[in-house]
There are 2 protein chains.
Amino acid sequence: MKTALIQQKYHSSKQKTIEKTLQMIDNTDAQLVVLQELHQTEYFCQSEDTKFFDYANDYQKDIEFWQNVSKRKNIVLVTSLFEKRADGIYHNTAYVFDKGVLAGKYRKMHIPDDPGFYEKFYFTIGDIGFEPIDTSVGRLGVLVCWDQWYPEAARIMALKGAEVLIYPTAIGWLECPKDRLDELCEKENTPQERQKMLDAWINVQRGHAIANTIPVISVNRVGSEKDSSGVLEGIKFWGNSFVVGAQGEFLARGGMEEEIIEVEIDLQAGKEIRKIWPFLRDRRIESYECLLKRYCRC
Amino acid sequence: MKTALIQQKYHSSKQKTIEKTLQMIDNTDAQLVVLQELHQTEYFCQSEDTKFFDYANDYQKDIEFWQNVSKRKNIVLVTSLFEKRADGIYHNTAYVFDKGVLAGKYRKMHIPDDPGFYEKFYFTIGDIGFEPIDTSVGRLGVLVCWDQWYPEAARIMALKGAEVLIYPTAIGWLECPKDRLDELCEKENTPQERQKMLDAWINVQRGHAIANTIPVISVNRVGSEKDSSGVLEGIKFWGNSFVVGAQGEFLARGGMEEEIIEVEIDLQAGKEIRKIWPFLRDRRIESYECLLKRYCRC
């Protein structure tokens, strides 16, 4: 399965950003194309501002637009849109199109909230659970960003037959204010701490590939984006989009610039490995009740 | 917390192997000492032979012996013993001693069975679940070998307050018979495939550290051991015992020879990281039912 990860910047407007996305899509002949989280716009969750809900007003048009792209290019296309479901109910939703047909959607289940990533203000938690999406290239376990820190999400997708995990993502380092180096920011911004965060992000996802013996595709944005509220300086998105195989081995890895990362992924490889590393066989399901609790001591 | 991982070979007999273990323990002033899986003997699960059950006959004496070592050295000691519970019920059990007191035990919950690792013949699945063990150095989430491929086990330990995960292990590559290179063996023994297996073993455990924001200690044996049945050639245990911090960063890593790996582990570090990376806060426990099923499609 020839796959392309579109790792890109925000280009000052929704229109220009989409133009760039289309240009990149036109430059690959991949069967499966995966876009990054909220790829149409800036990562607006850096501050809590009601004006940004307007981005979701056109979501029906957005769906039609990307559906048409999928049809024109004859591809499976994983998008990440800002869904307005009702006044006061918005979702961070991945829509998957298969050669012009809406194959399915996934509403982000785990919603973060930490300085610079105020997603709980914008996104209602998903309520359609962890359901893989069947397409002509395979059964896709589409999850989004913060989900990538949760082995539960990856495992459930695998137990529902997902043949690959796919994470559109927007993650990076907080930029330090030039005139006001607070302690947290300074600590986060040493090269060692930055590397540790990036490595953690990559390795937790490699862990999902290994534990579930399926490949993982993760697509992150690049570029620096200002916090429009001026409270924080902004975020430097660290790119490093990657694909690992069913044993967590790198098949492709991007840098920190805009790029199309093309890679051939064999969805059969993991199925062979599961015969000799049969982790799913030995799960102690009768002893996992604690997993359904918030905490298991008090 | 000064910690020592005792990575060692099997020295042709139980007695000589224990002598070597004691020598190594005497060469460290660590507060927490972790031994490898089934450290008293060879890894006898390479074949299914009833004679090996005799190793478990002295398990009460073994417990007393290591309890005394823990007392004499004034340390927390994590051991891995072959427990005879009744005729026909044996366990692969980690006993933890705290300065001469039995602090607790963990009976291996996930039992492997694949060529060279016929553990299902010897070990009954554990029935005391995933319970951390409280000691003077902290609450230890002790698991054993095959458990390391299961995010469920790591997560449950974390949800029960474990401050560190500890895996005594015996894992390596199958040796290829010199006169009969079968396909599986040949495939497993290319340097690339060997590296992929080793990396998978390390990275899945790094994933547990990251997802649960606690350090991981993993102690593996080294050396080549023959299959006494002669069916397979034997196993080359790959060592590489390691410690990673709460973001999966390496704090220490061994090679493939006998060695004492000493490292300072800060159990507070992960607690600070959980404030800014609060993964446990956002778990969607109402949507995790599938985790208690064998498979969620049919």
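**Why these names? Disulfides, strands and a core**

Mentor: Let's start in chain B: with 100° about the S-S bond, the link of B:Cys290 and B:Cys296 is right-handed. Keep in mind that this is a predicted model, where local features need pLDDT of at least 70, side-chain atom pairs count only at pLDDT 80 or more, and totals for chains, interfaces and linings use all residues. Residues are numbered from 1 along each chain as its sequence is written, chains are lettered from A and ligands numbered from 1 in written order, and side-chain values use heavy atoms, without hydrogens and water.

Trainee: What makes B:Cys290 and B:Cys296 a disulfide?

Mentor: Their sulfur atoms are 2.0 Å apart, and a disulfide is a pair of cysteine sulfur atoms within 2.5 Å. So the pair qualifies.

Trainee: Is B:Cys290 buried or exposed, and what about B:Cys296?

Mentor: Buried means under 20% relative accessible area, exposed over 50%, and partly exposed in between (1.4 Å probe, protein chains only). B:Cys290 has 8%, so it is buried. B:Cys296 has 22%, so it is partly exposed.

Trainee: How do you know whether A:Cys145 is in a disulfide?

Mentor: The nearest cysteine sulfur, that of A:Cys45, is 9.5 Å away, and A:Cys145 is in no disulfide. A:Cys145 is buried, at a relative accessible area of 6%.

Trainee: And why does A:Cys298 have no bond to A:Cys296?

Mentor: The sulfur of A:Cys296 is the closest cysteine sulfur to that of A:Cys298, but at 9.8 Å it is too far for a bond. A:Cys298 counts as exposed because its relative accessibility is 85%.

Trainee: Then what is A:Cys296 bonded to?

Mentor: To A:Cys290, with the sulfur atoms 2.0 Å apart. The torsion about that S-S bond is about 100°, so this disulfide is right-handed. A:Cys290 is buried at 8%, whereas A:Cys296 is partly exposed at 22%.

Trainee: How many disulfides are there over all chains?

Mentor: Two, from a search of the whole structure.

Trainee: On to the sheets! What makes S6 and S14 of chain A edge strands?

Mentor: Here's the order in this open, mixed sheet of six strands in chain A: S6-S7-S8-S10-S13-S14. Strand S6 (133-135) and strand S14 (250-253) each have a single partner strand, so one side of each is left without a neighbour in the sheet. Neighbouring strands are turned by 20° against each other on average, direction ignored.

Trainee: How do you know that S6(A) and S7(A) pair?

Mentor: Strands pair if DSSP finds at least two bridges between them. Three bridges join S6(A) to S7(A), residues 138-142, so they pair, and they run antiparallel. A:Thr135 stands opposite A:Gly138 in S7(A).

Trainee: What makes S1 and S2 of chain A a pair?

Mentor: Strand S1 (residues 2-7) and strand S2 (residues 32-35) share four bridges, in the parallel sense. One partnership there: A:Leu5 with A:Val34 in S2(A). Both strands belong to another open, mixed sheet, ordered S5-S4-S3-S2-S1-S15 in chain A.

Trainee: What makes B:Trp149 stand out in the largest nonpolar core?

Mentor: Such a core is a set of buried Ala, Val, Leu, Ile, Met, Phe, Trp, Tyr and Cys residues joined through side-chain atoms within 4.5 Å. Of the 130 residues in the largest one, A:Trp149 and B:Trp149 touch the most other members. Not counting residues up to four places away in sequence, B:Trp149 touches residues including A:Trp277, A:Phe279, B:Ile171 and B:Trp201, where contact means heavy atoms within 4.5 Å.

Technical notes. Helix = DSSP H or I, 4+ residues; strand = E, 2+ residues; numbered from the N terminus. Axes fitted to C-alpha atoms, helices over the stretch in contact; angles between N-to-C directions.
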